[in-house]
Structures are given as structure tokens and as C-alpha cells.
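Please look over the sequence and the model before reading on. The paragraphs below go through selected parts of the fold in turn.

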Amino acid sequence: MKKIFFAAAMLLICVSAMAQDRADRQNLYDENSFSMILLGDPQGYIKYDINQPLFELCTAWIADNVDHLKIKAVLCTGDIVEQNENIVRNRKMLNQTSREMWEAGSRAFERLDGKVPYIISCGNHEYGYQRSENGMTHFPEYFPFERNKAWYDVCVSAYPNRSGVASLENAAFEFNDPNWGKLLVITSEFAPRDEVLEWAKNLAAKPEYKDAKVIFMTHSFLHERTAERIKEEGYLIAPRNWGQQIWEKLIEPSSNIVMVICGHTGEPGDFEDSVAYRADKNSAGRTVHQMMFNVQILGGGWEGNGGDGWLRILEFMPDGMTVKVRTYSPLFGISPATKHLAHRTGACDQFDMVIK
């Protein structure tokens, strides 16, 4: 019997020794919380083959933490590719064809298929040939509904894209939590048409969602640093609405839209030039938190590594009203030698949003 106990003890020691000692394991502040992970525009990772593994590291880290961080959803601000439909490579800004970029972006998200819903707000780079000259996109081909079973039970509505095709470009996802009740995440195409805004407005106003907390995602909404809402852009895609119009037609009149998430803008410079935040009252007097996150220039500028792995952990606290935001990089956190660089703690990186 002693020999059996000794053998079992030795086996336990060996297994413990072989287990990975995580360099920078992230934890929830409260074990009764849940989280959503926010990814900024990935185009800087995807447009160079040498950068693509960095985005795969981000999605691999998320897949590894689905249970540990109780991740209900992954939110992505869009621009999966640099150009939607182009075979001529501009070697000053990319070394991939559009097809190669779509395949790389799709491959990175494959790590999440069947594990967690991911919600993407298609950006200007997903449309037209190089620069949203029209509404053509390959998004539905690479991200068909059937590829991720985790969408099946949470996707509650979708609206056809600019080509009349059923697509997750305009879609809504319902999540439930004992402390938060219903959460409805609605995502939209780049510069959404009036009919898309009307669909989202009517959906949020349905009786089953009147008490829900609604998060609206769209690619282009806020300017970096100043957090001013975008009033005009030079893209030819039409019909369209820019940030200020989206606010006036959808966000302000909707009493239960409590958060807007976007990407798109940013300039080389400090971290503050890649993010923005503002809060305003809607027509019902309720605070709407508006957050822009697009960190692709932080890995060396527009032609750098794509963003140094920065993402955001949004922790929904068990009080049913506080969302704790923190900014983290799995790229730095994966090594003990760099984990001291993996946490952004400035005022624009780590803050609370109180939803009432």
C-alpha cells in the first residue's frame, strides 16, 4: 500500500512539474463576473505575412481563456483585411493579395469557432476594391453563419448586406446573466444605411428587449483622442451614415442603448492617439458610453507589427452595472522577460463604465 501511495505522489509531482507555469495569468476581479474581449482593427497584422502570427496569438490566448475569464463574446472593431478585392500588391503597405489576407484573417478566428461567439463590425477595408468604392464585400464568404456553432443559440436577428445577401455584417446577439439580465449586442456594416439603423432601432425597442442593456458596434463613429463624433468622410460607398448621423438617428433616440464600440481612427503617436472615450445622455436621460479602440499603429506605425498584441478585457461585475476596462497584451505577457510591459494602466487604458 505504501508503494502505491508513493507512486501516486511521484506521479502527481511529475505532472505538476510538466504543467505550464503561466507567465502572466489574467484573472477576473470577482469570480462572479463574466467578460467580453475587445479586439481592435486587425488589418495591420493581416497585411504582412510576418505579422499574421501575432494576431493568431491573440485569438489563441482568447481561446485558452474562454473558461478561465468566463468570456461570453469577443468583439472586433473590423478591418479584418487591408483591401477587400485586389490582386496587385502595393509593396509599400502590404505583401499579401486580398485573398491571402481574407484567408489569414479567417484562419485566426478559426481558433474561436465552436468555443465562443465573435462579433465583427465590418470596416471600410472590407468593402469595394481598395477603399470602399462600393458595397461589395467577401465577408459572407469567409465568415458564413455555419462556421461557428457558438453563434447558433445567441444570434437573434440579422439584416441583409448591401448586396442583399444574408450576412453577419448586420446582426444581433443575445446574452443572459443572472446579475445583468439580458444583454443585446448589435453590430452593423461600415457607414450603415438608413434601413440598417431602422432595423437596429426597432429591434432594441421590441418588448422583449425594453429592459435589456444594448451594446451597439459600428466601425466608424469617434475620432481618436478628441472623441468627437465623425461628421464626414471621403469614402464613396453609398447610401451611408457617419458617426454623428448614427448618434442622431439611432443612439440618442434609443433609451436602452448604453454603449457604443468602434475602431477605425488613429494616428501615429502616443497610446492616447489610438483610443477615445466619451459619455453623453440619450433622449431618455440615460448615459451612453462610447469607446473607440484601434491600436494597430502601436507596433511601429502603419507599417509596423500590427499592434503589439494589445486588446481589452471588459469585465462585467456582479453588481449588474459596472464594466471594468483593462488593456492587456498577450504578446508581452507570454514571456517572464516582458510581462512587466503587458499592462497599460493610464487613465485611457484602465477605467470603469457604470451603466444605469
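What follows covers two helix pairs, then several individual residues in loops and strands.

The model is predicted, and every value quoted here is computed from it. A convenient starting point is helix 4, which runs over residues 98-110. This helix has 13 residues and reaches 18 Å from its first C-alpha to its last, close to the 18 Å expected at 1.5 Å a residue. Its buried residues are Ser98, Met101, Trp102, Ala104, Gly105, Ser106, Ala108 and Phe109. An α-helix has 3.6 residues a turn, so residues three or four places apart point the same way. The cover over the buried residues of helix 4 includes strand 1 (34-39), helix 2 (43-46), helix 3 (52-65), strand 2 (71-76), strand 3 (118-120) and helix 5 (139-142).

One of these covering elements, helix 3, can be followed further. Helix 3 has 14 residues and spans 20 Å between its first and last C-alpha, close to the 20 Å expected at 1.5 Å a residue. Buried in helix 3 are Gln52, Leu54, Phe55, Glu56, Cys58, Thr59, Trp61, Ile62 and Asn65. The axes of helix 3 and helix 4 come within 8 Å of each other and cross at roughly 25°. Because of that angle, helix 3 counts as roughly parallel to helix 4. The crossing of these two helices is right-handed. Helix 3 contributes Gln52, Phe55, Glu56 and Thr59 to the contact, and helix 4 contributes Ala104, Arg107, Ala108 and Phe109. By class, the residues of this contact divide into 4 nonpolar, 2 polar and 2 charged. Gln52, Phe55, Glu56 and Thr59 also appear among the buried residues of helix 3.

Glutamine 96 sits in the loop between strand 2 and helix 4. Is this residue buried or exposed? Glutamine 96 has a relative accessible area of 9%, so it is buried. Leaving out residues up to four places away in sequence, glutamine 96 touches Ile46, Lys47, Tyr48, Asp49, Gln52, Arg89 and Met101. Of these, Gln52 also takes part in the contact of helix 3 with helix 4, and Met101 is one of the buried residues of helix 4. Glutamine 96 and isoleucine 257 are 161 residues apart in sequence, with 38 Å between their C-alpha atoms.

The second helix pair is made up of helix 6 (residues 194-204) and helix 7 (residues 243-251). Their axes are 9 Å apart, and the helices pack at an angle of about 40°. Because of this angle, helix 6 is oblique to helix 7. The crossing is right-handed. On the helix 6 side the contact involves Asp194, Leu197, Ala200 and Lys201, which meet Ile246, Lys249 and Leu250 of helix 7. This contact has 4 nonpolar, no polar and 3 charged residues.

Backbone geometry is the next topic. Most residues other than glycine have a negative phi, and most peptide bonds are trans. Where does the model contain a cis peptide bond? A cis bond joins alanine 238 and proline 239, with omega about -5°. Proline 239 belongs to the loop between strand 7 (213-217) and helix 7. Arginine 225 lies in the loop between strand 7 and helix 7, and its phi is near 60°, a positive value in a residue other than glycine. With 46% relative accessibility, arginine 225 counts as partly exposed. Histidine 264 has a positive phi of about 85° although it is not a glycine. Histidine 264 is in the loop between strand 8 (257-262) and strand 9 and, at 13% relative accessibility, counts as buried.

Threonine 265 is in the loop between strand 8 and strand 9. Its relative accessibility is 10%, so threonine 265 counts as buried. Apart from neighbours within four places in sequence, threonine 265 is in contact with Leu222, His223, Glu224, Ile230, Met292 and Asn294.

Alanine 276 lies in strand 9 (residues 275-281) and counts as buried at 7% relative accessibility. Not counting residues up to four places away in sequence, alanine 276 touches Leu222, His223, Glu224, Arg225, Ala227, Gln290, Met291 and Met292. Leu222, His223, Glu224 and Met292 are also among the contacts of threonine 265. Alanine 276 and proline 253 are 23 residues apart in sequence and 23 Å apart in space, C-alpha to C-alpha.

Notes: Residues are numbered from 1 along each chain as its sequence is written. This is a predicted model: local features need pLDDT of at least 70, side-chain atom pairs count only at pLDDT 80 or more; totals for chains, interfaces and linings use all residues. Side-chain values use heavy atoms; hydrogens and water are left out. Helices (H or I, at least four residues) and strands (E, at least two) are DSSP runs, numbered from the N terminus. The expected span of a helix is 1.5 Å times one less than its number of residues. Buried means under 20% relative accessible area, exposed over 50%, partly exposed in between (1.4 Å probe, protein chains only). Contact means heavy atoms within 4.5 Å. Axes are lines fitted to C-alpha atoms, for helices over the stretch in contact, and angles run from 0 to 180 degrees between N-to-C directions. Angles under 35 degrees count as roughly parallel, over 145 as roughly antiparallel, 65 to 115 as roughly perpendicular and the rest as oblique. A crossing is left-handed if the near helix is turned anticlockwise from the far one by less than a right angle, and right-handed if clockwise. Ala, Val, Leu, Ile, Met, Phe, Trp, Tyr, Cys and Pro count as nonpolar, Asp, Glu, Lys and Arg as charged, and the others, Gly among them, as polar.
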